[in-house]
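Got the model open in your viewer? Here's a short walk through it, one selection at a time.

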Amino acid sequence: MKGFIQSSFIELKRIHMSGNLRVLIVGGVACGPKTASRLKRLLPRAEVTLIERGSVISYGACGLPYYVEGMFPQVEMLSETPAGIPRNVPFFEKVKGFKTLTRVEALRINRLPKTVTVKHVDTGVEEDLFYDKLVLATGGQAVKPPFAHEGLQNAWFMRHPHDAESMVREIEKQKLRKAVIVGAGYIGVEMAEALIRRGLEVSVVEARPQVLPQFLDEDMALLAARHLKQKGVHLILGENVVGLEGREGRVTQVQTENSLLPADLVLISVGVCPNDQLARDSGLDCSPRGGILINSNCQTSDSEIYAGGDCVLNHHADPMERSPLYAPMGSTSNKHGRVIANHIAGISTPYKGITGTGICRAFDITIGRTGFTEKQAMELDSQVETAIWAGPDLPHYVPQSKPLIIKVVASRRSRKLLGVQVVGMGDASKRLDISSTALFFGATVDEVADLDLGYAPPYAPPIDPVAAAMHLMVNKLDGLAAGISPRECMRRMSESAPPVLLDVRTPEEYAAMQLPFHVLHIPLGALRERMHELPRDRDILAFCKVSMRGYEAQRILNAAGFDRAFFMEGGLVGWPYDLHVP
Ligand SMILES: Cc1cc2nc3c(=O)[nH]c(=O)nc-3n(C[C@H](O)[C@H](O)[C@H](O)COP(=O)(O)OP(=O)(O)OC[C@H]3O[C@@H](n4cnc5c(N)ncnc54)[C@H](O)[C@@H]3O)c2cc1C
């Protein structure tokens with residue numbers, strides 16, 4: 001390790017001494033400015049130039065939905081430092097020490113003379129800029145469906161501060177009231193909340209049969225969808241938008257396969273695709289499906305040209321999955337910038353890859369995913385086990401305690417953790433990041449369960465929810481817990497010989513809320529005396545509020561010779577369908 005640091009330092013010194021290394025960076029939002037800033041800290045004498053075809057640079061696009069909802073007053077705050085200093089051309093020149101040319105577009109890479117032909121957007125003047133190292137941080141662009149033609153006054157994509165600013169201005173000026181969002185990915189979900197908070201009526205149309213289709217398994221998506229509906233979002237799932245109707249450049253209705261929705265605001269958020277044309281045209285290796293191919297140092301197929309951020313394909317940190325994947329995230333774009341700057345400066349810090357972590361807020365709940373969903377994991381390994389845990393994020397006596405539902409995906413063969421999804425009002429972010437860390441280091445579920453996590457009542461229960469979810473998985477893998485997911489339970493209830501549902505909650509809990517099926521109610525404390533009421537020739541499916549007692553019931557019945565006893569994972573808290581309130 002010491003030798004590595006020493007040799008990196010010698011390399012850094014060598015490049016530093018040689019001076020005048022010309023680094024040209026194309027793209028000025030996340031990856032570009034990060035690369036340039038780090039590079040100037042490592043190689044102060046390097047000539048770093050960043051070009052950006054737009055006029056705004058270094059903004060936090062992730063904050064756009066929160067500006068629209070009114071969390072902060074000026075969109076410019078997205079391109080300020082925490083001290084309130086604008087991150088503009090003079091800032092980068094004076095503070096960070098690199099040159100920034102805005103409204104300059106890179107047209108062509110000329111790899112042999114090592115130049116980039118650029119056009120000054122306002123004057124049309126073209127010139128060639130030299131480079132020793134070129135960095136492509138050209139980002140991504142919104143996928144434009146065929147109906148999203150140019151020139152519509154009240155239809156938006158949400159990519160740029162101008163989009164958010166003009167949307168807010170028009171909402172106020174035109175008193176826009178009915179919004180239709182096309183696409184229920186995380187931007188669609190965040191914007192649904194933002195527009196409801198602004199007082200609009202919001203419908204979300206999604207072609208796939210669930211919300212957050214790239215993000216969550218169906219059972220977890222059902223929980224998120226239920227919350228969105230409770231907050232007033234009109235969800236239309238499994239339906240395509242086929243056209244926008246209106247007059248004089250204004251959309252008045254959105255035509256779906258089955259309905260016509262009145263709209264005075266339309267947001268199209270059906271995905272992002274990589275801006276890889278510049279790389280493609282210059283013969284750099286790109287995926288046929290889009291995205292520049294890079295190695296772990298973020299070098300393209302031309303070692304003098306680097307690429308990072310939303311224009312590239314990533315690889316998964318898990319060696320089980322080596323095929324590249326497109327995961328355009330601000331978090332990753334910044335890390336790429338650091339890897340690129342390091343490598344140019346002679347410091348090798350290969351990027352290990354992503355675990356596919358994403359998080360978003362939807363009103364009162366947080367929704368997160370890291371690693372593989374059950375569906376994705378099944379495509380790679382048939383020996384996949386899942387476990388759904390529900391419970392409070394703090395000890396039950398702490399008034400701030402809130403529910404969380406955690407789904408764990410693991411390999412039955414290796415017991416390795418493969419993925420985690422979290423939905424709930426409790427602190428999902430902490431549990432997601434613990435899981436992401438564990439995944440990154442290739443932990444087994446047994447190891448995650450053993451992590452020495454902090455415990456004090458204001459922060460966590462003695463067994464943290466993430467550890468409790470892993471214990472459930474361990475018990476399943478060891479054959480102790482015979483858990484069935486709520487989705488499987490729902491399916492089994494439509495069979496000709498459905499299982500006997502055994503509700504083991506207290507009479508008070510039972511009176512307040514029930515599953516919408518015929519159930520046998522025997523509180524857990526009475527189960528040992530009353531188990532003769534249960535059939536031995538049918539499956540018994542025990543449950544409670546979160547199914548800790550459901551699991552206990554299963555074990556009590558097993559001990560008494562009932563070998564067809566199971567429990568419903570997550571209990572009523574994790575039940576994503578309607579409940580019966582007597
Ligand atoms: C609404 C919204 C919410 C988001 N929320 C999150 C979140 O919560 N968490 C998260 O991790 N990520 C989030 N993201 C994603 C994140 O913003 C992006 O991953 C990040 O901005 C990508 O940075 P980038 O530098 O790779 O590319 P971009 O931000 O796409 O910037 C690329 C820049 O390159 C310029 N450019 C392209 N081609 C040329 C050319 N030929 N010449 C000159 N300039 C060129 C473009 O004009 C653009 O300004 C969100 C994005 C949006 C839109």
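Start by selecting residues 250-256, which make up strand β14, and add β15: the two pair in the antiparallel sense over three bridges. Keep in mind as you go that this is a predicted model. To see one of the pairings up close, pick Gln255 and look across to β15, where its bridge partner is Leu260.

Now bring in β13 as well. You're looking at an open sheet of three strands, in the order β13-β14-β15, with antiparallel pairing. Which strands sit at the edges? Those are β13 (241-247) and β15 (260-262), each of which pairs on one side only. Turn the sheet about a little: from one strand to the next, the twist averages 30 degrees.

Next stop, Thr115. Select residues 115-120 to show strand β5, and you'll find Thr115 in it. Is Thr115 buried or exposed? Its relative accessibility is 3%, and the cut-off for buried is under 20%, so Thr115 counts as buried. Leave out the neighbours within four places in sequence and show what Thr115 is in contact with: Arg108, Ile109 and Asn110, plus Asp128, Leu129, Phe130 and Tyr131. Try a distance label from Thr115 to Phe130: these residues are 15 apart along the chain, yet their C-alpha atoms are separated by 4.3 Å.

On to the rings. How many aromatic pairs does the structure hold? Seven. For one of them, select Phe440 and Phe441: their ring centres are 5.3 Å apart and the planes meet at 85 degrees, so this pair is edge-to-face. Switch on a surface to compare how each residue sits: Phe440 is partly exposed, with a relative accessible area of 33%, while Phe441 is exposed, at 65%. Then jump to Phe91, Phe92 and Phe98, which ring pairs link into a cluster.

Two last selections put a charged side chain over a ring. Show Lys144 with Phe157: Lys144 lies over the face of Phe157, at 5.3 Å from the ring centre. Then do likewise with Arg369 and Phe215, where Arg369 lies over the ring face at 5.5 Å from the centre.

Key
Residues numbered from 1 in each chain as written. Predicted model: local features only at pLDDT ≥ 70, side-chain atom pairs only at ≥ 80, totals over all residues. Heavy atoms only, no water. Helix = DSSP H or I, 4+ residues; strand = E, 2+ residues; numbered from the N terminus. Buried < 20%, exposed > 50% of the residue type's maximum accessible area, 1.4 Å probe, protein only. Contact = heavy atoms within 4.5 Å. Phe/Tyr/Trp six-rings, centres within 6.5 Å; stacked < 30°, edge-to-face > 60°. Lys NZ or Arg CZ within 6 Å of the ring centre and 35° of its normal. Pairing = 2+ DSSP bridges. Axes fitted to C-alpha atoms, helices over the stretch in contact; angles between N-to-C directions.
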